[in-house]
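Biologist: Please take a close look at one part of this model for me. I would like the place where two domains meet, described step by step.

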Amino acid sequence: MNEYIYYPGCSAKSNAKHYEESILPVFKEIGIKLNEMEDWNCCGATASLSVDKTKAFAINGRILSIAEKAGKDIVAPCAACYLTLKKSNQFFMSKTEEAKKILKDLESAGCEYKGTVKVNHPLGLFTDEIGLEEIKKKVKRKLTGLRVACYYGCQVVRPYTDFDDPDYPVRLDNLMKAIGAEPVDYSAKTRCCGGSLTANIEEAGLMLNYILLKEAKRKGADAIVTICPLCLFNLEITQDKIVKKYKNDVKIPILFFSQLMGLAFDIPKEDLGFSRSMISLKPMWEKLGNGGTNE
Amino acid sequence: MEIQEKIKYEEELDKNFFDEIKEKSGCDEISQCIQCGTCSGSCPMAVYMDYSPRKIIAMIKSGFKDEVLKSFTPWLCASCYSCQVRCPSNIKITDVMYALKRKAIKEKIYPSRFSIPVMDKEMHKILTNNGRSSEVWLMLNLFLKTRNPLGLIKMAPLGLSLMKTGRMSLKKESIKNKKQLRKLLKAVKEGTK
């Protein structure tokens with residue numbers, strides 16, 4: 001299938017605009033059509049599940065039903081959306097009394113859901129559906145010499161993923177190799193960034209993110225590449241405080257994998273949201289021989 | 001000086017608690033816990049918890065209802081699912097933590113000025129009212145509810161960075177078909193009572 005429904009989620013419309021800005025042109029270049037879901041609602045992420053299970057699954061049922069009506073599978077670039085939608089799908093398919101009841105309620109509200117929608121993450125689509133050979137054909141400018149720490153975080157690889165290992169995944173590393181970058185052996189690749197806790201409990205948040213930044217620096221990475229908006233957010237906003245607290249210069253650019261793919265596909269870098277980085281990208285541009293402008 | 005009693009007698013334990021959590025989390029496997037501690041060893045937040053995940057499971061099984069529901073542990077779970085994918089007994093530990101959070105909120109015994117349960121509740125409220133979340137409004141509500149104006153001031157540099165990079169939206173987001181959402185949530189609510 002080369003047409004999917006794009007489920008952006010709330011981050012792609014606010015703090016992670018550059019995820020959307022880069023993933024859409026990358027899909028276009030690969031030749032896959034993405035249509036943004038009509039009148040989508042939020043997935044509730046970890047919050048709704050902590051408050052009200054039935055409502056949490058019901059609002060996800062609405063999302064899945066919109067895709068089913070359109071007859072298309074979902075692409076969800078945000079890790080939390082991806083996990084929550086997959087979790088909901090599994091819940092509905094469990095055929096428990098609880099699940100049957102919510103499916104009935106969905107039907108009564110005009111959101112009937114039969115369970116035919118597959119939820120995909122762009123990473124799995126790129127590496128396993130399209131394949132790295134096809135990706136390589138699109139590369140016009142190899143990112144030679146750029147050392148990247150591939151950071152998968154939690155919720156794409158755990159616990160519902162069907163395309164990679166939950167503890168030591170390799171798909172993103174392989175994808176980065178395919179576009180000419182050099183992935184470092186990043187042992188913290190699936191360690192948690194604290195998720196929504198990082199903004200709330202500073203002490204814990206700084207420690208968790210320090211581990212991630214320090215390990216990337218130690219391995220000589222020029223940038224950390226993420227597949228999750230919240231990972232990127234946490235790794236960016238904690239850097240100044242971490243440098244101050246731990247007296248260790250661990251400043252490093254945090255990028256979406258789609259931004260680097262776009263760069264390798266020779267999509268103008270102005271169109272890939274690089275200007276939204278809170279961290280200076282100057283050393284990275286210099287390394288890539290790009291004039292050293294922080295655009 | 002009075003000697004503090006630390007012993008809990010069997011009759012003080014809540015014998016139904018275990019079954020209730022099993023049902024609410026949809027996880028019968030809790031019974032199979034072998035207390036190996038893989039969960040606690042995998043947990044990136046365990047060092048900050050009052051009871052480690054392994055202890056929480058043991059306490060659920062024994063019926064230490066009050067201690068478990070008053071604990072910070074469920075609220076410190078970041079939902080990273082490390083414990084869950086590694087558990088040799090296939091216990092869905094993250095789902096157990098969710099069940100504990102919901103029960104603590106329902107029984108109103110969560111730490112009320114601790115920002116995490118408040119944030120979850122506020123976000124859920126915004127979502128169920130409008131269908132979409134709006135970060136700035138969520139943060140504002142959060143600081144009001146936790147009575148923490150200093151926290152808001154501390155957030156100013158972050159707000160500035162987000163504004164500079166065009167990553168802050170002040171718009172109150174909403175879906176078009178709110179009527180449908182309300183109908184759905186009403187139907188769901190009626191069934192669970």
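Modeller: Here is a walk through the domain boundary in chain A, with a short look at chain B for context. Keep in mind that the model is predicted.

Start with the division. Chain A splits into domain 1, residues 3-120, and domain 2, residues 139-287. Over C-alpha atoms, the centres of domain 1 and domain 2 of chain A are 25 Å apart.

Now the contact itself. On one side stand 22 residues of domain 1 of chain A; they are in contact with 23 residues of domain 2 of chain A. Look at the domain 1 side. Helix H1 (17-30) and helix H4 (79-93) of chain A each supply at least two residues to the side that touches domain 2 of chain A. H1(A) gives the most there, with nine residues. By class, this side of domain 1 of chain A has eleven nonpolar residues, six polar ones and five charged ones.

Then the context. Chain B holds twelve helices and zero strands. From the N terminus on, its elements therefore read as α throughout: α-α-α-α-α-α-α-α-α-α-α-α. The C-alpha trace of chain B spans about 55 × 45 × 40 Å along its principal axes. Of the 193 residues in chain B, 38% are buried. Take the contacts in chain B between residues at least 6 apart in sequence: 64% of these join residues at least 24 apart.

To return to your request: the domain 1 side in chain A draws on H1 and H4, each with at least two residues, and H1(A) contributes the most.

Note on methods. Residues are numbered from 1 along each chain as its sequence is written. Chains are lettered from A and ligands numbered from 1 in the order in which they are written. This is a predicted model: local features need pLDDT of at least 70, side-chain atom pairs count only at pLDDT 80 or more; totals for chains, interfaces and linings use all residues. Domain bounds come from an automatic or database domain assignment. Two residues are in contact if their C-beta atoms, placed from the backbone, lie within 7 Å. Helices (H or I, at least four residues) and strands (E, at least two) are DSSP runs, numbered from the N terminus. Ala, Val, Leu, Ile, Met, Phe, Trp, Tyr, Cys and Pro count as nonpolar, Asp, Glu, Lys and Arg as charged, and the others, Gly among them, as polar. A residue is buried if 20 or more other C-beta atoms lie within 10 Å of its own, exposed if 12 or fewer, and partly exposed in between; C-beta atoms are placed from the backbone.
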